[in-house]
Amino acid sequence: MKTNSTNPNLTEPRWLQLLLIGVALAFLLFILVIPLAAVFYEALKSGWNLYIQSLTDSEALAAIKLTLITAFIVVPINAVLGIAMAWLLTRFDFRGKQLLTTLLDLPFSVSPVVAGLMFVLLFGANTLIGSRLEGAGVQIIFAVPGIVLATLFVTFPFVA
């Protein structure tokens with residue numbers, strides 16, 4: 001049995017190492033590269049001019065603007081609160097730490113559809129909170145605050 005001469009701790013034969021590397025690269029090719037190439041091919045099938053024209057459409061520009069506004073609001077909030085939460089959970093022992101950790105991991109286990117339904121049930125026009133907010137002139141659902149809240153909910157655990 002031939003062993004790897006560069007690292008004495010490895011006992012797998014060289015052909016097995018190459019086979020496993022080949023399998024991993026083939027997996028990446030079929031799961032990542034080919035679908036990505038197909039997306040670019042379909043997007044640019046009619047040429048660059050149509051692609052640029054689509055990007056300068058008023059609805060596309062509004063979507064890009066909304067995405068940038070959301071990112072400029074969510075990223076600083078996530079950075080400050082995520083670092084503070086991570087520092088709190090790693091440095092201190094306190095009553096309720098397990099509950100806080102569980103709440104922090106909640107977005108990992110909740111479907112985005114269920115999270116969206118949760119926000120609609122909390123802040124919808126026919127709910128207690130939503131009707132009071134709309135009476136005060138604040139709209140959460142189907143507005144920038146709702147998008148920001150949903151994005152914060154989904155991305156906060158990744159930061160912390």
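How much space lies in the largest pocket? In this predicted model, the largest pocket holds about 200 Å³ of space.

**The largest pocket**

A total of 13 residues line the largest pocket, and those nearest its centre are Leu103, Leu104, Leu152, Phe153 and Phe156. Three helices, α3 (58-91), α4 and α7, each contribute at least two residues to the lining. Helix α4 gives the most to this lining, with 5 residues.

**Aromatic pairs**

The structure contains 5 aromatic pairs. One of them joins phenylalanine 108 to phenylalanine 158: the ring centres lie 5.0 Å apart and the planes stand at 85 degrees, so the pair is edge-to-face. This pair links distant parts of the chain, since phenylalanine 108 belongs to helix α4 (residues 97-109) and phenylalanine 158 to helix α7 (residues 144-159), with their positions 50 residues apart in the numbering. Phenylalanine 108 counts as partly exposed because its relative accessibility of 46% does not pass the 50% limit for exposed residues. Phenylalanine 158, in turn, has a relative accessible area of 63% and is exposed.

A further pair is formed by phenylalanine 119 and phenylalanine 153. Their ring centres are 6.0 Å apart and their planes meet at 90 degrees, so this pair is also edge-to-face. Here too, distant parts of the chain are linked: phenylalanine 119 lies in helix α5 (residues 112-123) and phenylalanine 153 in helix α7, 34 residues apart. Both phenylalanine 119 and phenylalanine 153 are buried. Together with Phe123, these residues form one aromatic cluster. Phe153 is thus part of the cluster and is also among the residues nearest the centre of the largest pocket.

Glycine 130, in helix α6 (residues 128-135), can be placed relative to this cluster through phenylalanine 119. The two residues are 11 residues apart in sequence, and their C-alpha atoms are 9.8 Å apart in space. Glycine 130 is buried, because its relative accessible area of 1% falls under the 20% limit.

**Nonpolar surface patch**

Which residues make the nonpolar surface patch of about 1100 Å²? The patch is made by Leu18, Ile21, Leu25, Phe27, Leu28, Leu29, Phe30, Ile31, Leu32, Val33 and Ile34. Of these, leucine 18 is located in helix α1 (residues 14-43). Leucine 18 counts as partly exposed, at 48% relative accessibility.

**Salt bridges**

A search of the whole structure finds 2 salt bridges, and the table lists their N to O distances.

| Lysine | Acidic partner | N to O distance |
|---|---|---|
| Lysine 45 | Glutamate 42 | 3.0 Å |
| Lysine 97 | Aspartate 93 | 3.3 Å |

In the bridge with lysine 45, glutamate 42 is the acidic partner, and glutamate 42 is partly exposed, with a relative accessible area of 45%. In the other bridge, aspartate 93 is exposed, with a relative accessible area of 72%. Its partner, lysine 97, counts as partly exposed because its relative accessibility of 21% is not under the 20% limit for buried residues.

Notes. Residues are numbered from 1 along each chain as its sequence is written. This is a predicted model: local features need pLDDT of at least 70, side-chain atom pairs count only at pLDDT 80 or more; totals for chains, interfaces and linings use all residues. Side-chain values use heavy atoms; hydrogens and water are left out. Rings of Phe, Tyr and Trp (its six-membered ring) pair if their centres lie within 6.5 Å; planes under 30 degrees apart count as stacked, over 60 as edge-to-face and the rest as tilted. Helices (H or I, at least four residues) and strands (E, at least two) are DSSP runs, numbered from the N terminus. Buried means under 20% relative accessible area, exposed over 50%, partly exposed in between (1.4 Å probe, protein chains only). Patches are made of residues with over 30% relative accessible area and no salt bridge: like charges are joined within 9 Å, nonpolar side chains (Val, Leu, Ile, Met, Phe, Trp, Tyr) within 5 Å. Accessible areas come from the Shrake-Rupley method with a 1.4 Å probe; for residues, only the protein chains shown count as cover. A salt bridge is a side-chain nitrogen of Lys or Arg within 4 Å of a carboxyl oxygen of Asp or Glu. On a 1 Å grid over the protein atoms alone, a cavity is a set of points where a 1.4 Å probe fits but cannot get out, and a pocket is an open set with protein on both sides within 12 Å along at least five of seven lines; lining residues have an atom within 4 Å of a point. Grid points are joined across faces, edges and corners, and a volume is the space filled by probe spheres set on the points.
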